[in-house]
Amino acid sequence: MARSARPVVHYMATRPDGTVPPTCNHLARYYSGLGETIPTVNLADHIGQVIDHPSPGERWYTDKPFSYFHMYTRPGEILERIEDGWPIRLWIVEPLGETGNWGGDFYPYWLMSQQIRVVEETDAWRAFGHRGAQTLAVIAQLPDLARQWATEWAADPKDTRRTYAAWNERVNDTHALDWWAHYRAQYSRREAGLKAADQLADTAATEAATDAGADPEALAAIRLRARCLVAGQLMFDRIRTGEYEQSVRGLLLGAGLDTPAPVAA
């Protein structure tokens with residue numbers, strides 16, 4: 001007996017105030033520079049309701065800054081087109097009427113429509129993919145961790161430098177961050193989520209380590225460690241088969257460094 005297919009869920013991201021960002025950021029900046037107001041709609045005001053697009057453009061072509069409702073069936077990619085990045089609010093919507101997808105085979109998780117039903121708001125962490133909640137929890141810990149790493153470096157620069165150099169060499173040799181994490185994220189439709197998490201990790205670690213007085217060499221090492229740690233958390237369930245893959249995952253999580261990394265749940 002054949003199993004029933006899992007129902008497709010369509011997600012839309014909005015700004016923190018609930019308004020839908022433009023379809024095309026480039027056109028939005030251009031027309032805003034000319035003094036025009038870019039139309040939008042606030043999903044928070046229409047939960048359970050059907051919304052017609054306020055300024056529909058040519059189907060399915062981006063001829064206006066806000067041309068259609070743009071939704072995703074893979075929430076881990078939804079941050080790729082958000083104007084200001086994280087934070088966002090995430091919504092489950094139902095496309096109505098005619099739909100399109102100018103991404104074709106390259107972006108099968110995109111869908112466009114000019115009418116939707118706003119079903120409900122859902123957890124924003126889903127925009128990072130399956131392990132978004134764990135990843136955001138680690139990002140929240142990074143300021144404290146980065147300050148701790150900076151303190152450890154300052155207390156024993158020689159040995160700490162040697163430890164980080166050996167770990168860094170293994171990360172580079174195995175391509176843990178720029179191959180394993182990147183391509184596994186791409187295959188599992190979390191590429192945008194990984195990119196956003198990487199940026200958040202880098203910013204959090206940079207600010208905290210700088211405030212702690214880390215020198216440039218220590219700062220570079222701490223930033224890399226933070227980025228690897230977050231990538232390892234986000235892709236924990238995708239880099240797992242066999243002893244070698246588990247060793248790569250361990251490197252991302254900080255194996256070989258003195259301070260235990262947060263345990264992935």
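Tutor: Let's start with a definition: a salt bridge is a side-chain nitrogen of Lys or Arg within 4 Å of a carboxyl oxygen of Asp or Glu. Keep in mind that we are reading a predicted model.

Student: Thanks! How many salt bridges does this rule give here?

Tutor: The count is 13 salt bridges. The general idea is that side chains of opposite charge can pair when their charged atoms come close. One of the pairs here is R59 with E98, at 2.5 Å from N to O.

Student: Which parts of the chain does the pair of R59 and E98 tie together?

Tutor: R59 sits in the loop between β2 (50-52) and β3 (69-72), while E98 sits in the loop between β4 (89-95) and β5 (99-100), so their salt bridge joins parts that are 39 residues apart in sequence.

Student: Are R59 and E98 buried or exposed?

Tutor: Neither word fits, because buried means under 20% relative accessible area and exposed means over 50%. R59 has 46% and counts as partly exposed; E98, with 47%, is partly exposed as well.

Student: Where do D159 and R162 lie?

Tutor: Both belong to helix α3 (residues 157-174), three residues apart, which is about one turn of the helix. Their side chains form a salt bridge with an N to O distance of 2.6 Å. D159 is partly exposed at 36% relative accessibility, and R162 is partly exposed at 48%.

Student: Which residues are linked with R238 in a network of salt bridges?

Tutor: R190 and D237 are linked with R238 in that network. Within it, the side chains of R238 and D237 meet at 3.9 Å, N to O. For R238 the relative accessible area is 38%, which makes this residue partly exposed, whereas D237 is buried at 15%.

Student: Let's go back to α3. At what angle do α3 and α6 pack?

Tutor: Helix α3 packs against helix α6 (residues 216-234) at about 45°, and their axes are 11 Å apart. Angles from 35 up to 65 degrees fall outside the parallel and perpendicular classes, and α3 and α6 are therefore oblique to each other. Their crossing is left-handed.

Student: Which residues meet where α3 and α6 touch?

Tutor: From α3 come R161, Y164, W167, N168 and V171, and they meet E217, A221, L224, R225 and C228 of α6. Sorted by class, this contact has six nonpolar residues, one polar residue and three charged residues.

Conventions
Residues are numbered from 1 along each chain as its sequence is written. This is a predicted model: local features need pLDDT of at least 70, side-chain atom pairs count only at pLDDT 80 or more; totals for chains, interfaces and linings use all residues. Side-chain values use heavy atoms; hydrogens and water are left out. Helices (H or I, at least four residues) and strands (E, at least two) are DSSP runs, numbered from the N terminus. Buried means under 20% relative accessible area, exposed over 50%, partly exposed in between (1.4 Å probe, protein chains only). Axes are lines fitted to C-alpha atoms, for helices over the stretch in contact, and angles run from 0 to 180 degrees between N-to-C directions. Angles under 35 degrees count as roughly parallel, over 145 as roughly antiparallel, 65 to 115 as roughly perpendicular and the rest as oblique. A crossing is left-handed if the near helix is turned anticlockwise from the far one by less than a right angle, and right-handed if clockwise. Contact means heavy atoms within 4.5 Å. Ala, Val, Leu, Ile, Met, Phe, Trp, Tyr, Cys and Pro count as nonpolar, Asp, Glu, Lys and Arg as charged, and the others, Gly among them, as polar.
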